[in-house]
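Here are my notes on the model you sent. Please read them with the structure open.

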4 protein chains.
Amino acid sequence: MIKVGIIGAGRIGRVHSESISKYVKGAEIKAISDIKVTEELQSWAASMGIPHVYDDYRKILQDPEIDAVLVCSSTNTHAPISIEAAQAGKHIFCEKPVDPNKDKIREVLDVVDKAGVKFQVGFNRRFDHNFKAIKDRVIAGDIGEPHLIRVTSRDPDAPPIEYVKVSGGMFFDMTIHDFDMIRYLSGSEVVEVYAAGGVLVNPEIGKAGDIDTAVITLKLANGAIGVIDNSRKAVYGYDQRAEVFGSKGAVQTSNDTNSTAVYSCEAGVIAEKPKYFFLERYMQSFAEEIRCFIDSIVNDTPTAVNGNDGLQPVLIALAAQKSLEEGRPVKLSEVD
Amino acid sequence: MIKVGIIGAGRIGRVHSESISKYVKGAEIKAISDIKVTEELQSWAASMGIPHVYDDYRKILQDPEIDAVLVCSSTNTHAPISIEAAQAGKHIFCEKPVDPNKDKIREVLDVVDKAGVKFQVGFNRRFDHNFKAIKDRVIAGDIGEPHLIRVTSRDPDAPPIEYVKVSGGMFFDMTIHDFDMIRYLSGSEVVEVYAAGGVLVNPEIGKAGDIDTAVITLKLANGAIGVIDNSRKAVYGYDQRAEVFGSKGAVQTSNDTNSTAVYSCEAGVIAEKPKYFFLERYMQSFAEEIRCFIDSIVNDTPTAVNGNDGLQPVLIALAAQKSLEEGRPVKLSEVD
Amino acid sequence: MIKVGIIGAGRIGRVHSESISKYVKGAEIKAISDIKVTEELQSWAASMGIPHVYDDYRKILQDPEIDAVLVCSSTNTHAPISIEAAQAGKHIFCEKPVDPNKDKIREVLDVVDKAGVKFQVGFNRRFDHNFKAIKDRVIAGDIGEPHLIRVTSRDPDAPPIEYVKVSGGMFFDMTIHDFDMIRYLSGSEVVEVYAAGGVLVNPEIGKAGDIDTAVITLKLANGAIGVIDNSRKAVYGYDQRAEVFGSKGAVQTSNDTNSTAVYSCEAGVIAEKPKYFFLERYMQSFAEEIRCFIDSIVNDTPTAVNGNDGLQPVLIALAAQKSLEEGRPVKLSEVD
Amino acid sequence: MIKVGIIGAGRIGRVHSESISKYVKGAEIKAISDIKVTEELQSWAASMGIPHVYDDYRKILQDPEIDAVLVCSSTNTHAPISIEAAQAGKHIFCEKPVDPNKDKIREVLDVVDKAGVKFQVGFNRRFDHNFKAIKDRVIAGDIGEPHLIRVTSRDPDAPPIEYVKVSGGMFFDMTIHDFDMIRYLSGSEVVEVYAAGGVLVNPEIGKAGDIDTAVITLKLANGAIGVIDNSRKAVYGYDQRAEVFGSKGAVQTSNDTNSTAVYSCEAGVIAEKPKYFFLERYMQSFAEEIRCFIDSIVNDTPTAVNGNDGLQPVLIALAAQKSLEEGRPVKLSEVD
């Protein structure tokens, strides 16, 4: 039985806690920490059967019984806490992004490497049934050589402006998942990025220095071309699709819905909208990524999303940001 | 070049005329007849390049240059005109039903047989791309032994009550096509029929002695079971679907639409309704059935829908009618 | 916190146990009983955090702390155990069928009624997201008056012959769910049944006195017509679809799949097969039915599937069986 | 009755001839010309009822009875023949591209303008039922402000290398239709283009100086972003899809198939591949564009695809070509 400590009791920390309780055999949560230990948190932890609630994550790191930690605290603490955890000999599941700064990520990876602990980054969409089905076809060779990789990723609604201001920008906050998806589906590295973007959803987003709509072209090392289209607001729901096209065929996914019901009436033939909320849409994948993390500890196998998988999307985002600012394609080597 | 005469210049006679002009190489229309030769008809015939317009179909039968006739006149004249045409040595395409009376149909088939002319019945749906695709799978053996054959056939709107009164009843007017489809798709003969029906669309239809909604179960000679569901009114359009299920798999068709466009909005994900009108839905099949009829003349091959194919659906309709009246399954041998 | 005892630790008893542990807040399992208490069962119960494992269900009934029992034992014990449980003042969730004998069911319902305990029958499909989406449209009035209700229900493979022999026949074992579904979706009672059936999948099933393929027509009190098609073996997987058609439109569901991935290649455009196994397909509904049962206890509201809902499908199955044997439609009043 | 002359009796010239004969009421073909008048051509023309076959298009231009010409000759003759035709007072339907050289196109437009004749360019896809359904939603305001316009355009197989060498390059030969589609669907002008391309299908295409795979990003005057993905070879058929996404929703089309049949078997759930050949896929649109051209003459209304619609895609192609060569986004003003 792997004993786990959760660092950060916000939304994602609790999602992972529930996953471990319900779906991950072979793991149990011994402690959770948060900078604010409220009554609500204590009562929630009790209901989850979590024995200890700390206001200092170091108590988790100091507990010799705890094998692994999930770093679910605020983004700016991911790197330092991961470093401390590695030095304490804990296996680490770190929420994305590891850090917006590539040098800090590299520092984390160095420490992790020396400590010899497992390190997995929270790109949960790799564990989604739909995207995994694409990847399975690619791996099976059914697509042949990949030529085109397309990702459509549109949020159901723009975040509050206050969030936009501290989000690090759409590429780091939202598209980062799509950058990872392009790498995952293609099995190749991005070498150059061209980003076209605009403020079409909400002018306030523009005033905050960000964009809300983008098309990003990515040249890959294997010659294939990736393309992502993003919007902060799709009124019909959370639009999450992908396609890989290659020499032997293509595979694409459509959106998940709450039911397969189709209603035919005078107004048309009406199917359900995509699932609206990312937790609803990706719940299964959050559980699966933790299950795989625990498995890699138990079986001493490499993690499914390793340190480099945490670094590369940040480099791509840096290149995309530079491309947008300078109006030209940018090589990853230019930002690294 | 096969020379054709059209007997009856109503809707279906004109549909066939246009098909021959546009799509059927190797045939040309020499004459058309109708009991009412209006100016409009003459001008229409001129625009179609049809040289002769007669008020008496006998002139067509007497023209030695004419090889084949299309009997598109009113239902009660199908049998006598077909008999005369066969005796005149003309190949015959006869609109369905050949006659509501099974003995008259047999008389027609006898005369046709003795005359050695081709005889094809107008069950156009056999030539529809969707139903043909099902049949192709059945013939290819992809379904294995057929176990279940399902036909959904719902009109977009009920006909006028005046029409209902003279239609011969829903089974003879509408379901007759579905009876043929069950035979066509299964490749087997119907031996017993059970019909459950009701008046759910319009009480006036009930007052006229007819029904507007039905589920008909058909036991087939090969052991398979057929089932048809009918409604006189589907508010979303003309609903025409079928499925064959067997030991190796199943094949089913959905409705044709005017475009593949799907609109996603706050109200849902909206596709187009089925094509609304039978001419729009089945236009291609009307052309194809005539092309096949002409081919069978040119190549001296059996017609695709022969005399027995004209007889059996009428026997099934008789059994269905009796089943409805007596509230019990009825064998075809009981009505024959 | 509602305390629950599980009677019967077979497949479905364990499914419900897992549901309560994972998904049903407000309930906990205090004890489980089985006629065979193996080491495996004890270790499984421990892993689920179930404190007590008994070899006699009476210990559960005698425990004053236990509020509710789930009767998951073999079919022939459903009725007597339910009666004892009701007399012990326990709320009862009873797996389907309550009993194959209608009089025994009525006896159970009488006792339950007098005891004033909750009673819910395990027709889990009512809680399935797809069928519920149909029902929601019906309730919302989007379909108008229902005219036709169609259920396609095909198993992925026939059960072993040994099971067939003791199953009570396909109508009681498999179609019973579909009989319930027709009632649920139509909101009306069945008054007459006509069943056409055959042995097309496996002759051994016929030798065992059962059928493996059927089409059943059901006349409903509100005038609508229901139709079910069944097969014991669909090679492509578990085929579970339904449609309600009415005066204002139609709503239909298709099968659930493991992903939305579609693969386009030289061989065709290939989507995933339906989920294969009933537990996989209906897992969510098993959890939901227990959640609703617990809710009805907590809120003292009527259960979602009541005693009459347990009785009617058995009457329909009796009528279907008689119809098959006598080759004629059978009224429910004839078997009641 | 509008009298038409066809200049060029190759594949597309004959397609238009058949369209006029079969579908375009109010027009008839008086003459066809080709630089090679073979016996086959004469016999084909006779079968189509075309009275005159010339080896010199000037005879068509000199015939005072002829109202309109269809310029279907080789690309390099489009401009000079159009100029002569305009000077002869003929209305002109000109196949795309008008000319690869933007200055020549402008010269044609000037002459046409002065002559006051109708001029329509052969971007037939605007008349396709699927793309038109998207446009109808855009025009109706159902999409709101367009934000993203996506076009997927993949050929079923690469053309012969000999053709590639003289094609003018993929952007001028194939993508030109997609450039037009972006303008048509968005209702806005392209201001900047970035093209990423590669040789992934066939290295011979690379040796011939061309590419076979591309992703092209287009910035539009209204702020929206367009993106096209192209491949010369999709093994599953002719892949022709589009999507417009905006503030109120999105509309997308999928491919047309020969039937709606879906086959479920152990291998999967298999639908038909897209229609393979462009003539098969777009036949309806070829007829519709000619019908609209004739209508604009009869009713003296502007043509649906005017001179500027002929010019802009060529400018976009020039920018795309320059972008590909220089590895940077190129403004249309740079190539104009």
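1. Start with the sheet of chain D in this predicted model. Six strands form an open sheet, in the order β3-β2-β1-β4-β5-β6 (chain D). The pairing is parallel. At the edges stand β3 (52-54) and β6 (119-121) of chain D, and each pairs on one side only. From one strand to the next, the twist averages 20°.

2. Look next at one pairing in that sheet. Strand β2 (residues 27-33) of chain D is joined to β3(D) by three bridges. The two strands run parallel. Which residue of β3(D) is the bridge partner of S33(D)? The partner is Y54(D).

3. Chain B has an open sheet of six strands too, with parallel pairing. Its order is β3-β2-β1-β4-β5-β6 (chain B). Why is one side of β3 (52-54) and of β6 (119-121) of chain B left without a neighbour in the sheet? Both strands stand at the edges, each with a single partner strand, so one side of each has no neighbour there. The twist averages 20° from one strand to the next.

4. The β2-β3 pairing of chain B can be followed residue by residue. Strand β2 (residues 27-33) of chain B runs parallel to β3(B), and three bridges join them. S33(B) has Y54(B) in β3(B) as its bridge partner. As background, strands of a sheet pair through backbone hydrogen bonds, either parallel or antiparallel.

5. Two helices of chain B deserve a look against this sheet. Helix α1 (residues 11-23) of chain B lies across β1 (2-7), β2, β4 (68-71) and β5 (91-94) of chain B. The helix α1 runs at about 155° to β2(B). Helix α4 (residues 75-87) of chain B lies across β1, β4, β5 and β6 of chain B. For α4, the angle to β5(B) is about 165°.

6. Now the interface of chain D and chain A. In contact are 39 residues of chain D and 39 residues of chain A. The two chains bury about 2,900 Å² between them. Of that area, 65% is on carbon and sulfur atoms. Which three residues supply more than any other three of the area that chain D buries against chain A? They are R150(D), Y194(D) and L200(D), with 20% of it.

7. Charged and polar pairs also cross this interface. Between chain D and chain A there are six salt bridges. One of them pairs E243(A) with R241(D), the closest N and O atoms being 3.1 Å apart. The polar contacts come to 13 residue pairs, both residues at pLDDT 80 or more. On the side of chain D that touches chain A, at least two residues each come from β7 (146-154), β8 (190-198), β9 (213-220), β10 (225-231), β11 (239-246) and β12 (249-253) of chain D. By class, that side has 16 nonpolar, 13 polar and ten charged residues.

8. Turn to chain C and chain B. The contact takes 39 residues from chain C and 39 residues from chain B. About 2,900 Å² is buried between them, 65% of it on carbon and sulfur atoms. The count of salt bridges is six. In one of these, R154(C) meets E243(B), with the closest N and O atoms 2.9 Å apart. Polar contacts link 13 residue pairs, both residues at pLDDT 80 or more. Strands β7 (146-154), β8 (190-198), β9 (213-220), β10 (225-231), β11 (239-246) and β12 (249-253) of chain C each give two or more residues to the side that touches chain B. The residues of that side divide into 16 nonpolar, 13 polar and ten charged.

9. Check the backbone at a few loop positions. Is the peptide bond from K96(C) to P97(C) cis or trans? The bond is cis, with omega near -10°. P97(C) sits in the loop between β5 (91-94) and α5 (102-115) of chain C. In chain B, a cis peptide bond joins K96(B) and P97(B), with omega about -10°. P97(B) lies in the loop between β5 and α5 (102-115) of chain B.

10. One last residue to inspect is D300(B). Its phi is positive, about 50°, although D300(B) is not a glycine. D300(B) is found in the loop between α10 (278-298) and α11 (307-326) of chain B.

Note on methods. Residues are numbered from 1 along each chain as its sequence is written. Chains are lettered from A and ligands numbered from 1 in the order in which they are written. This is a predicted model: local features need pLDDT of at least 70, side-chain atom pairs count only at pLDDT 80 or more; totals for chains, interfaces and linings use all residues. Side-chain values use heavy atoms; hydrogens and water are left out. Two strands pair if DSSP finds at least two bridges between them. Helices (H or I, at least four residues) and strands (E, at least two) are DSSP runs, numbered from the N terminus. Axes are lines fitted to C-alpha atoms, for helices over the stretch in contact, and angles run from 0 to 180 degrees between N-to-C directions. Contact means heavy atoms within 4.5 Å. Buried area is the accessible area (1.4 Å probe) that two parts lose on being put together, summed over both. A salt bridge is a side-chain nitrogen of Lys or Arg within 4 Å of a carboxyl oxygen of Asp or Glu. A polar contact is a pair of N or O atoms within 3.5 Å; within protein, one must be able to donate a hydrogen and the other to accept it, and residues adjacent in sequence count only if both atoms are side-chain atoms. Ala, Val, Leu, Ile, Met, Phe, Trp, Tyr, Cys and Pro count as nonpolar, Asp, Glu, Lys and Arg as charged, and the others, Gly among them, as polar.
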